[in-house]
Amino acid sequence: MLQRTLDTSFDQVHTAIDSLELQPELSEIGTLLEVGGGIARVRGLPTLGAEALVRFPDGVLGLAVNLDEHELGIVLLDHGDRLTPGAQVQATGRQADTPVGEALIGRVIDATGRPLDDGGPLSINERQPVERPAPAIMERAPVSTPLESGIKAVDAMIPIGRGQRELIVGDRQSGKTTVAIDTIINQRDKDVLCIYCAIGQRGTAVARAVDALRSSGALAHSIVVSASGEDAPGLQYITPYAATAMGEYFMQQGRDVLIVYDDLTRHARAYRELSLLLRRPPGREAYPGDIFYIHSRLLERATHLREELGGGSLTALPIVETQAQDISAYIPTNLISITDGQIYLSPTLFRKGLLPAIDVGRSVSRVGGKTQYPTFRQVAGDLRLAYTQFEELETFARFATRLDERTRQRIERGRRVRQILRQPAGQPLRASEQVAVLLATNAGHLDAVPTERVVDAEQRIREHVRSSLPEICARIDAGEDLDESDWEQLDTAAADAVSGLTEDD
């Protein structure tokens with residue numbers, strides 16, 4: 001009985017062995033020599049290419065950056081505190097990539113696709129390389145459609161187009177992130193997908209940005225990609241490229257995408273840290289020689305594709321931080337030369353409470369009026385001229401005891417323009433509301449209104465125009481031009497709205 005049982009068992013084992021088909025698997029293994037500061041040095045892996053991913057123990061990923069003759073320089077994408085020399089390093093056989101797709105919308109993730117919110121695991125079906133060539137010149141179409149920020153000073157005097165790269169520059173705590181977040185909030189009903197890319201920010205700052213997007217309902221059309229200051233420098237380095245790859249996926253489907261990089265100053269510092277640890281030769285301010293290239297190849301991916309390629313667009317709003325208002329520093333100068341204009345935020349205006357603290361004189365859009373609605377072009381030219389004249393005259397008026405009537409009128413008009421350009425955070429305006437308010441300012445309807453009541457006058461104009469001229473407002477919001485009769489109705493409505501707010505009241 002026992003012999004029969006043993007024979008049956010052995011027969012089953014032999015049958016299982018005969019049916020087993022073993023396939024040889026080639027796995028390339030290297031050895032960890034040294035680790036520290038977010039950098040690992042590895043021996044072996046002779047066929048590894050640049051930008052290839054390797055895997056360390058505990059699932060830590062690394063990016064091959066230096067390919068020297070006797071060792072490899074690997075940038076860690078996670079903290080390597082538990083890694084020790086002598087550990088095995090395995091090549092993954094793929095380039096650095098990131099998840100893409102509809103499942104990312106409304107989520108907070110990092111560059112590798114790990115969820116950072118409480119939304120549960122991601123259902124990821126597709127990944128794309130984080131590094132891709134920028135679209136060729138022949139694949140691009142002119143930038144002609146406006147990307148409305150909802151901020152009066154931007155939409156009227158520093159217009160942004162879909163597919164443009166507009167730099168937001170200013171000192172620390174001058175409101176740069178607020179301008180970017182308000183622009184994202186204003187895309188709620190514009191069918192524009194938004195990506196907020198936080199690089200090297202404090203966790204609390206990222207949480208505030210996410211809360212602002214969630215409370216305004218903007219997170220439903222946004223993706224937040226974050227690498228905080230506590231994360232590994234390597235993860236901070238690849239995060240903007242990963243966020244761009246996510247945006248390109250939707251752009252190739254014919255959709256319009258807005259991406260905010262907050263901010264590229266910290267991105268440059270993370271790359272400088274990695275480069276010095278990799279013993280690359282330092283250049284100006286200890287930055288490596290290719291610091292310009294890492295940002296140019298990133299921002300060149302923002303474009304407007306031709307109609308036969310889907311007609312999608314990727315608009316970039318990179319943020320850069322200056323010190324002591326030095327706009328000519330190394331990194332800000334590099335980014336100004338790459339982008340299509342800049343929005344400069346002045347700490348002086350910020351301290352005066354003139355928010356958003358946009359310095360119109362030092363801001364510019366090199367795409368300009370081509371991306372503005374016709375109604376904005378009608379009112380923006382006179383507004384910028386009046387404001388520029390006011391800024392010059394106000395400086396000289398401090399030293400004058402008596403002013404002629406014309407000069408005094410220009411100064412009074414300019415003060416009201418400055419008040420009109422003030423706008424609370426998180427409250428972007430529709431194009432029709434902005435046009436009505438700016439028209440009233442240019443027409444002089446606010447000249448008799450006390451400066452401290454200009455905000456009330458603006459609110460009255462917006463409410464009255466919306467209620468009395470809904471058809472004209474809808475046409476302005478749709479980007480249509482107005483005829484002379486429409487302008488007269490708009491002007492009359494604005495004048496009626498402020499008729500009770502005069503100096504004598």
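**Helix packing, barrel and largest pocket**

Helix H7 (residues 291–299) packs against helix H8 (residues 330–338) at an angle of about 35 degrees, the two axes lying 10 Å apart. The crossing of H7 over H8 is right-handed. On the H7 side, the contact is formed by Ile291, Phe292, His295, Ser296 and Leu299, and on the H8 side by Tyr330, Ile331, Asn334, Leu335, Ser337 and Ile338. Sorted by class, the residues of the contact of H7 with H8 comprise 7 nonpolar and 4 polar, with no charged residues. The model described here is predicted.

A second helix pair consists of H10 (residues 374–397) and H12 (residues 431–442), whose axes come within 9 Å and cross at roughly 40 degrees. H10 passes H12 in a left-handed crossing, whereas the crossing of H7 with H8 is right-handed. From H10, the residues in contact are Thr375, Phe376, Val379, Asp382 and Leu383; they meet Ala431, Gln434, Val435, Leu438, Leu439 and Asn442 of H12. The contact of H10 with H12 contains 7 nonpolar, 3 polar and 1 charged residue.

The strands of the model include a closed barrel. In this barrel, 6 strands follow the order E1-E2-E5-E4-E3-E6, and their pairing is antiparallel. Neighbouring strands of the sheet are turned against each other by 45 degrees on average, with direction ignored. Within the barrel order, E2 stands next to E5. Strand E2 (residues 39–44) and strand E5 (residues 72–76) run antiparallel and are joined by 4 bridges. In one of the pairings between these strands, Ile39 has Val75 in E5 as its bridge partner.

The largest pocket encloses about 580 Å³ of space. Its lining is made up of 27 residues, of which Gln173, Thr177, Thr178, Ala205 and Arg208 are the closest to the pocket centre. Helix H3 (176–185), helix H4 (203–215) and strand E14 (313–322) are the elements that each give two or more residues to this lining. H3 gives the most, with 6 residues. By class, the lining of the largest pocket divides into 10 nonpolar, 7 polar and 10 charged residues. Charged residues are thus represented in the pocket lining, while the contact of H10 with H12 holds 1 charged residue and the contact of H7 with H8 has none.

How values were computed:
Residues numbered from 1 in each chain as written. Predicted model: local features only at pLDDT ≥ 70, side-chain atom pairs only at ≥ 80, totals over all residues. Heavy atoms only, no water. Pairing = 2+ DSSP bridges. Axes fitted to C-alpha atoms, helices over the stretch in contact; angles between N-to-C directions. 1 Å grid on protein atoms, 1.4 Å probe; cavity = no way out; pocket = protein on both sides within 12 Å on 5 of 7 lines; lining within 4 Å. Points joined across faces, edges and corners; volume = space filled by probe spheres on them. Nonpolar A, V, L, I, M, F, W, Y, C, P; charged D, E, K, R; others polar. Left-handed = near helix turned anticlockwise from the far one by under 90°. Contact = heavy atoms within 4.5 Å.
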